[in-house]
Amino acid sequence: MMLQTPFPARGSAFVQPAVHVLHPGDVACGERGDRLETLLGSCVAIILTDPRRTIGAMCHVVHTGLLSHPSRLSTCHGDNAMGAMFARLHQRGISPALCDAYLYGGGNLFPAQYGAHNVGTANVRWAHAVLDAMGIPVLGSDTGGNAYRRLSWTVGNQPPAVACVSV
């Protein structure tokens, strides 16, 4: 007797879902059933997904300010990370402007040293401004505070899962 995997077919062959573990500055795109994971402090993670939840992309943004060397295309910087994420979505036939978003991170991990004006808050403001400017609705978010966040999402109909770890 032949066993079939419970995973969706991609093309003509069955393929197990991929797990993408993003580190600071990483960008990944996956299909339904794939898992996207990251650990956040003051960084922000933006997830974009098509309304049917068949494709999902995540970027782990470290910096939102301008690059000190414009010739470097580091996806640690927000604009470059979003551009790379948009390119991956376009490759799969998805228009980023028609996607839904989730936003996580932006913690202030050194509250005794930095008050309301900290890197995490600036990262969250930047992410909201970019998504708002494109008319991309944010379906869910967990930002700010003084905690690390472990974020994971399996591309599909369920929202991302986030676990906070206080510092």
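This is a short talk on the fold, the cores and a few chosen residues of one protein model.

Let me start with confidence. The model is predicted. Its average pLDDT is 88, and 86% of the residues reach at least 70. One stretch needs a warning. Residues 1–8 have pLDDT under 50 throughout. For that stretch the model has 8 contacts beyond four places in sequence. I will leave those residues there.

Now the fold. There are 2 helices and 11 strands. In chain order we get β-β-β-β-β-β-β-α-β-α-β-β-β. So much for the order; next, the packing. The chain has 167 residues, and 41% of them count as buried. Take the contacts between residues at least 6 apart in sequence: 63% of these join residues at least 24 apart. The accessible surface is about 8,900 Å². Carbon and sulfur atoms account for 57% of that surface.

On to the interior. Which residues touch the most other members of the largest nonpolar core? They are I46, L48, C59, M82, M85 and L89, in a core of 25 residues. Six elements each supply at least two residues to this core: β4 (27–31), β6 (44–49), β7 (55–61), α1 (78–91), β8 and α2 (119–134). Helix α1 gives the most, with 6 residues. There is also a second, separate core. That one has 14 residues, including L36, I47, W153 and V155.

Look at L48 in the first core. Set aside neighbours within four places in sequence. L48 then contacts I55, G56 and A57, among others. Its contacts also include M85, F86 and L89. Further along the chain, the list takes in P96, C99, D100, A101, L131 and I136.

Next, the aromatics. The structure holds 1 aromatic pair. The partners are Y102 and W153, and the pair is tilted. Centre to centre, the rings are 6.1 Å apart, with 45° between the planes. The two residues sit in distant parts of the chain: Y102 in strand β8 (residues 100–105), W153 in strand β10, 51 residues apart. Buried or exposed, for Y102 and W153? Both are buried. Remember that W153 is also a member of the second core.

Stay in strand β10, residues 147–154, for R149. Here is an arginine to check on your screens. Why does R149 count as buried? Because its relative accessibility is 3%, and the cut-off for buried is under 20%. What does its side chain meet? A polar atom of the R149 side chain lies 3.0 Å from the backbone oxygen of D142. D142 is also on the contact list of R149, counted without neighbours within four places in sequence. T143 and G144 are on that list too. So are T38, L39 and L40. G105 and G107 appear as well, and V162, A163 and C164 complete the list.

Last stop, H128 in helix α2. H128 is partly exposed, because its relative accessible area is 28%, between the 20% and 50% limits. Beyond four places in sequence, H128 touches L103 and V138. H128 and V138 are 10 residues apart in sequence. Their C-alpha atoms are 8.4 Å apart in space.

To recap. R149 is buried at 3% relative accessibility, whereas H128 is partly exposed at 28%. Y102 and W153 make the tilted pair. And α1 gives the most to the largest core. That is the tour.

Notes
Residues numbered from 1 in each chain as written. Predicted model: local features only at pLDDT ≥ 70, side-chain atom pairs only at ≥ 80, totals over all residues. Heavy atoms only, no water. Helix = DSSP H or I, 4+ residues; strand = E, 2+ residues; numbered from the N terminus. Buried < 20%, exposed > 50% of the residue type's maximum accessible area, 1.4 Å probe, protein only. Contact = heavy atoms within 4.5 Å. Areas by Shrake-Rupley, 256 points an atom, 1.4 Å probe, with all protein chains shown as cover. Polar contact = N/O pair within 3.5 Å; in protein donor to acceptor, adjacent residues only side chain to side chain. pLDDT = per-residue confidence, 0-100. Phe/Tyr/Trp six-rings, centres within 6.5 Å; stacked < 30°, edge-to-face > 60°. Core = buried A, V, L, I, M, F, W, Y, C linked by side-chain atoms within 4.5 Å.
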